[in-house]
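Reader: I would like to learn how to read the sheet and the packing around it in a model such as this one. Could you take me through it step by step?

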Amino acid sequence: SPEQLRKTDRTETIAGIEGIVWVAQMQDPDTGEPLRREFVLSDDPRIVKLRAVMRRMGQQSAREIDDPRVQEMREAFRKAFDEDVGFLRYDNRFKVKQVSDVSLSGERFTLPQGNEVKSLPGMGDLMTMTRLMLPFATQ
């Protein structure tokens, strides 16, 4: 768990949306070295909706993978943050670039006939995300 997780007095505007900067001080689980991570959370409804969509996508992918670590990752996400906030930025690893309100046709997400999805996210990708989120799940 993080030695320190705190909300700062700073705000940051990303993609035209204001969020609150949080800082986490923790220990790298692999090296034991101290880490400082900064992230920006927002309660903007568009970012909250983005978080919900990303979670649904992750849950669908996770159903395809029968691994207890996937369940651990989902539980970490659920415990770590309220439902009414979403990430604008996670350190230098993730940053929302733009948010647009547009309607897209369902056809845009349909693969051409005779094609199928060939691969799911690798376990390494899922484990990296779990490692990033677990320190915040036990606050």
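Author: Let us begin with a definition, since the pairing of strands rests on it: two strands pair if DSSP finds at least two bridges between them. Please keep in mind throughout that this is a predicted model.

Reader: With that rule in hand, in which sense do β3 and β4 pair, and over how many bridges?

Author: In general, strands of a sheet pair through backbone hydrogen bonds, and they may do so in a parallel or an antiparallel way. Here strand β3, residues 34–42, and strand β4, residues 86–90, are antiparallel partners joined over four bridges. To find the register, look at S42, which stands opposite G86 in β4.

Reader: What is the order of the strands in the sheet as a whole?

Author: The sheet is open and has five strands, running in the order β1-β2-β3-β4-β5 with antiparallel pairing. Because β1 (4–14) and β5 (94–95) stand at the edges with a single partner strand each, one side of each is left without a neighbour in the sheet.

Reader: How is β5 joined to β4, and what lies between them?

Author: The two strands form a hairpin with three residues between them, and in that turn D91 has a positive phi of about 45 degrees. The pairing of β4 and β5 is antiparallel and extends over two bridges, with R89 standing opposite K95 in β5.

Reader: Is β4 mostly covered or mostly open?

Author: The cut-off to apply is that a residue counts as buried under 20% relative accessible area. By that reckoning β4 is mostly covered, as five of its five residues are buried; among them, F87 has a relative accessibility of 16% and Y90 one of 6%.

Reader: How many aromatic pairs does the structure hold, and how should I read their geometry?

Author: There are four aromatic pairs. The angle between the planes is what to read, since planes under 30 degrees apart count as stacked and those over 60 as edge-to-face. The rings of F39 and Y90 have centres 6.2 Å apart and planes at 25 degrees, so this pair is stacked. Because F39 lies in strand β3 and Y90 in strand β4, the pair ties together parts that are 51 residues apart in sequence. The rings of F87 and Y90 also have centres 6.2 Å apart, but their planes are at 70 degrees, so that pair is edge-to-face. Ring pairs link W22, F39, F87 and Y90 into a cluster.

Reader: Which residues make up the largest nonpolar core?

Author: That core has eight residues, namely A24, M26, L35, F39, L41, V85, F87 and Y90, and F39 is buried with a relative accessible area of 0%. At least two residues of this core come from each of β2 (17–27), β3 and β4, while β3 gives the largest share, three residues. A second, separate core has seven residues, including I17, V21, I47 and V96.

Key:
Residues numbered from 1 in each chain as written. Predicted model: local features only at pLDDT ≥ 70, side-chain atom pairs only at ≥ 80, totals over all residues. Heavy atoms only, no water. Buried < 20%, exposed > 50% of the residue type's maximum accessible area, 1.4 Å probe, protein only. Phe/Tyr/Trp six-rings, centres within 6.5 Å; stacked < 30°, edge-to-face > 60°. Core = buried A, V, L, I, M, F, W, Y, C linked by side-chain atoms within 4.5 Å.
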